[in-house]
Each structure stands twice: as structure tokens, then as C-alpha cells.
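The following exercises concern a predicted model. Each task is followed by a worked solution that proceeds step by step.

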Amino acid sequence: MDDARSSPSPPSPSSSSAYSYVLLNYPLISAIVSFAIAQSIKFFMTWYRERRWDAKLLIGSGGMPSSHSATVTALAAAIGIQDGLGSSIFAAATIFASVVMHDAFGVRLHAGKQAEVLNQIVYELPADHPLSDTRPLRELIGHTPLQVVAGAVLGFVIATTGQLIKKVASGT
């Protein structure tokens, strides 16, 4: 039986230990690490395939794996592990993750395809056309279903690995 009096109370905002609570927040750390690893994979895959460094890939969207999917899946999985699969916060995190992943391979993927077509149209305009010098739209903003699934798997692996590390570190 959970008793609110038996759980430690969160620190006051003025407390210096408030930062340690954030740094020990397993779901938050899982999400941040998943994002960082997914973005790093894109960065190093580009270097491996094209032999060029592109720092924009460390923060940009699109590509393999989906960092959005990795982040929200890690968050939902870590919450499920920590608070239980029956908790309300796990339900909210799961719905949030589903919406983000659906948007990644739905709306954002199609917006990227439209940007590709529009860029081609602008490219073919005569030089004297008022829109001929328009800056190209970003085309790589969405994900294929495979990229979304790869990101989700990565996020789940990071969350479960984080829990294993947490258990080993605490000695339980």
C-alpha cells in the first residue's frame, strides 16, 4: 500500500539537492540519452557513408533512426518500468509517444515529400521569376515507418538498459 507519508517529499525549489533529483530522474535521463544516441548514430552514419562531418545532424530531424521515436519510447518505457504499466502517467506517456511517432511517419514525412516537389518546381523556374531565388525547403523532416520502429526499439533498449544499470548501482 502506498502511503504518501512514507515516500520522500520533493525538495523545495531553493534546495541545492533539487538538481540531484533531476539528475537522478530515470525517465528523463532515459529520454535524453536516447535522443543523444539516435542523433549520434545519424551523425556517424553520415560520416561512414559519405566521409563528411555534418554537425547539423546532431540536432536536425529526419533520418535513421528517428530520435523523436527513441525519445518518447524511452520516456514511456522508463515510466512504465518505474511507475508500473497500470499507472496513469504511463498511459499518458504511451499516448504521447503514439501521437509523436504517428506524426513522424505521417504528417512530417508527407510534408518532406511536398517540400521535395516544391523545391523541384522552384528550381525549374526561369531566372527572372520572383520566386526563383527562394531558399529551398527542408526535405528531410519526416521518417519512414522503419526509421520510426528503429527509433522506438532504440528507446526501449536504452530505457531497459538504464533500469538494469540503476539496479546494479543500487545493489538490488
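**Exercise 1. Determine which helix contributes the largest share of the nonpolar patch, and list the residues that make the patch.**

Step 1. Helix α2, residues 26-50, supplies the largest share of the nonpolar patch, with 6 residues.
Step 2. The patch lies on the surface and is made by V22, L28, I29, I32, V33, I37 and I41. Its area is about 490 Å².

**Exercise 2. Locate I32 and classify it as buried, partly exposed or exposed.**

Step 1. I32 is located in helix α2.
Step 2. The relative accessible area of I32 is 48%. Buried requires under 20% and exposed over 50%; I32 is therefore partly exposed.

**Exercise 3. State where the UniProt record places the feature "transmembrane region", and describe the chain over residues 20-45 and 85-105.**

Step 1. The unreviewed UniProt entry places this feature at residues 20-45, 57-79 and 85-105.
Step 2. Residues 20-45 are 92% helix and 0% strand, with the end C-alpha atoms 34 Å apart.
Step 3. For residues 85-105, the corresponding values are 86% helix and 0% strand, and the end C-alpha atoms are separated by 26 Å.

**Exercise 4. Establish whether S69 is buried or exposed, and identify its contacts beyond four places in sequence.**

Step 1. S69 belongs to helix α3, which spans residues 67-83.
Step 2. S69 has a relative accessibility of 0%, so it counts as buried, the cut-off being under 20%.
Step 3. With neighbours within four places in sequence set aside, S69 contacts M101, V148, G151 and A152.

Technical notes. Residues are numbered from 1 along each chain as its sequence is written. This is a predicted model: local features need pLDDT of at least 70, side-chain atom pairs count only at pLDDT 80 or more; totals for chains, interfaces and linings use all residues. Side-chain values use heavy atoms; hydrogens and water are left out. Patches are made of residues with over 30% relative accessible area and no salt bridge: like charges are joined within 9 Å, nonpolar side chains (Val, Leu, Ile, Met, Phe, Trp, Tyr) within 5 Å. Accessible areas come from the Shrake-Rupley method with a 1.4 Å probe; for residues, only the protein chains shown count as cover. A salt bridge is a side-chain nitrogen of Lys or Arg within 4 Å of a carboxyl oxygen of Asp or Glu. Helices (H or I, at least four residues) and strands (E, at least two) are DSSP runs, numbered from the N terminus. Buried means under 20% relative accessible area, exposed over 50%, partly exposed in between (1.4 Å probe, protein chains only). UniProt positions are given in the numbering used here, feature names are shortened, and annotations may be inferred rather than shown by experiment. Contact means heavy atoms within 4.5 Å.
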